[in-house]
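Visitor: I should like a close look at a single part, with its surroundings explained in connected order. Please define each term as it arises.

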Amino acid sequence: MKVTINQEENKYSVTLEGRVDTTNADQFQKDVAVLMEASQPDIEIDCSAMEYTSSQGLRVFLQLQKNVTAHQGKLVLTRMQPHVKEVFDITGFSNIIKIV
């Protein structure tokens with residue numbers, strides 16, 4: 001898994017590559033910790049290169065969404081592969097997190 005974060009004022013552009021699973025979910029959480037503390041963050045995560053997410057990865061996405069909402073920001077996941085989006089759909093996360 002590789003996380004790349006670019007920031008311009010309160011706008012964050014994130015690229016997520018590889019698998020988000022039990023072996024690296026803690027690192028993923030550390031990587032996005034700066035996003036969880038931003039004031040009114042505008043976050044767009046490009047998921048086109050994300051191959052898989054486990055329940056541990058979903059937990060990090062949920063925490064990120066909760067923190068962004070608490071800080072009056074917005075989060076959107078983009079370009080998600082169909083088999084990954086299916087996991088978000090089945091678990092109901094696509095009703096919680098905006099996916100385009």
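Guide: Helices (H or I, at least four residues) and strands (E, at least two) are DSSP runs, numbered from the N terminus. Residues are numbered from 1 along each chain as its sequence is written, and side-chain values use heavy atoms, with hydrogens and water left out. The model is predicted: local features need pLDDT of at least 70 and side-chain atom pairs count only at pLDDT 80 or more, while totals for chains, interfaces and linings use all residues.

Let us begin at Asp21, which lies in the loop between strand E2 (11–20) and helix H1 (25–31). Buried means under 20% relative accessible area, exposed over 50%, and partly exposed in between (1.4 Å probe, protein chains only). Asp21 counts as buried because its relative accessibility is 13%. A polar contact is a pair of N or O atoms within 3.5 Å; within protein, one must be able to donate a hydrogen and the other to accept it, and residues adjacent in sequence count only if both atoms are side-chain atoms. The side chain of Asp21 makes one such contact with that of Thr23, at 2.5 Å, and another with that of Arg19, at 3.4 Å. Contact in the general sense means heavy atoms within 4.5 Å. Apart from neighbours within four places in sequence, Asp21 is in contact with Tyr52 and Ser54.

Between those two partners in sequence comes Thr53, which belongs to strand E3 (residues 42–53). Thr53 is classed as buried because its relative accessibility is 3%. Neighbours within four places in sequence aside, Thr53 is in contact with Val20, Leu58, Phe61, Val84, Val87 and Phe88.

The strands themselves come next. Two strands pair if DSSP finds at least two bridges between them. E2 and E3 pair in the parallel sense over nine bridges, and Tyr12 has Ile43 of E3 as its bridge partner. E2 also pairs with strand E1 (residues 2–8), here in the antiparallel sense over seven bridges; Val3 is bridged to Leu16 of E2. The hairpin of E1 and E2 has two residues between the strands, and in it Glu9 takes a positive phi near 55 degrees.

From the strands we pass to the interior. A nonpolar core is a set of buried Ala, Val, Leu, Ile, Met, Phe, Trp, Tyr and Cys residues joined through side-chain atoms within 4.5 Å. The largest has 28 residues, of which Ile43, Ile45, Met50, Phe61, Leu77 and Phe88 touch the most other members. Two or more residues are given to this core by each of E2, H1, helix H2 (33–36), E3, helix H3 (55–70), strand E4 (74–78) and helix H4 (82–91). H3 supplies the largest share, five residues. Beyond its neighbours within four places in sequence, Phe88 has contacts that include Met50, Thr53, Leu58, Phe61 and Leu77.

H3 completes the picture. The buried residues of H3 are Gly57, Leu58, Val60, Phe61, Leu64, Gln65 and Val68. Viewed down the axis of H3, these fall within an arc of 155 degrees and therefore line one face of the helix, the arc being that of the directions from the helix axis to the C-beta atoms. They pack against E2, H1, H2, E3, E4 and H4. The face turned away from the buried side of H3 carries the exposed residues Ser55, Lys66 and Ala70. Just after H3, Gln72 takes a positive phi of about 55 degrees.
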